[in-house]
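Student: Could we go through this model together, one question at a time?
Tutor: Gladly, here it is.

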Amino acid sequence: MEAKQNLVIFFATLLIVATIGIEMASADSLCGLTINDLMTCKSAVSGPKPLPPCDKCCAALTKADLPCLCTFKNSPMLSSFKINSTLAMDLPSKCKLDSPNCST
């Protein structure tokens, strides 16, 4: 459960950056994902009728350093950007990927 929460927080943080148009100062990616990669997953984690993750979203997730996502577990930004945490936590499994173990 904690691993899924960390994943949700990671996606929310990245979507926040994309939404407000801030470019990352020193890197093109965060945990191996670019903002464009993350935006491919937005329709699967938000809105009243979210779509299943598309092939581009799942392909982007395969490039991610999933354990790196654990560093975002305490971010309070999810609800302010209307990210459905349950949907975000389920993305790796919907894409047939393992969720990171963030308990260590």
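Student: Is Lys 63 buried, partly exposed or exposed?
Tutor: Keep in mind that this is a predicted model. Buried needs a relative accessible area under 20% and exposed needs over 50%. Lys 63 has 49% relative accessibility, so the class is partly exposed.

Student: Which residue forms a salt bridge with Lys 63?
Tutor: The rule asks for a side-chain nitrogen of Lys or Arg within 4 Å of a carboxyl oxygen of Asp or Glu. Here the closest N and O atoms are 3.2 Å apart, and the count by this rule is 1 salt bridge. The partner is Asp 37.

Student: Which helices does that pair link?
Tutor: The two residues sit 26 residues apart, in distant parts of the chain. Asp 37 belongs to residues 35-39 and Lys 63 to residues 55-63. The helices are H2 and H4.

Student: Is Asp 37 buried or exposed?
Tutor: The cut-off for buried is under 20% relative accessible area. Asp 37 has 12%, so this residue is buried.

Student: Which element has the lowest mean pLDDT?
Tutor: The chain has 5 helices and 0 strands, and its mean pLDDT is 74. H4 has the highest mean among the elements, 93. The lowest, 66, belongs to helix H1.

Student: Over which residues is the pLDDT below 50?
Tutor: Where pLDDT is low, the predicted coordinates should not be read in detail. The stretch in question has 6 contacts in the model beyond near neighbours in sequence. It covers residues 22-27.

Note on methods
Residues are numbered from 1 along each chain as its sequence is written. This is a predicted model: local features need pLDDT of at least 70, side-chain atom pairs count only at pLDDT 80 or more; totals for chains, interfaces and linings use all residues. Side-chain values use heavy atoms; hydrogens and water are left out. Helices (H or I, at least four residues) and strands (E, at least two) are DSSP runs, numbered from the N terminus. Buried means under 20% relative accessible area, exposed over 50%, partly exposed in between (1.4 Å probe, protein chains only). pLDDT is the predictor's confidence in each residue, from 0 to 100. Contact means heavy atoms within 4.5 Å.
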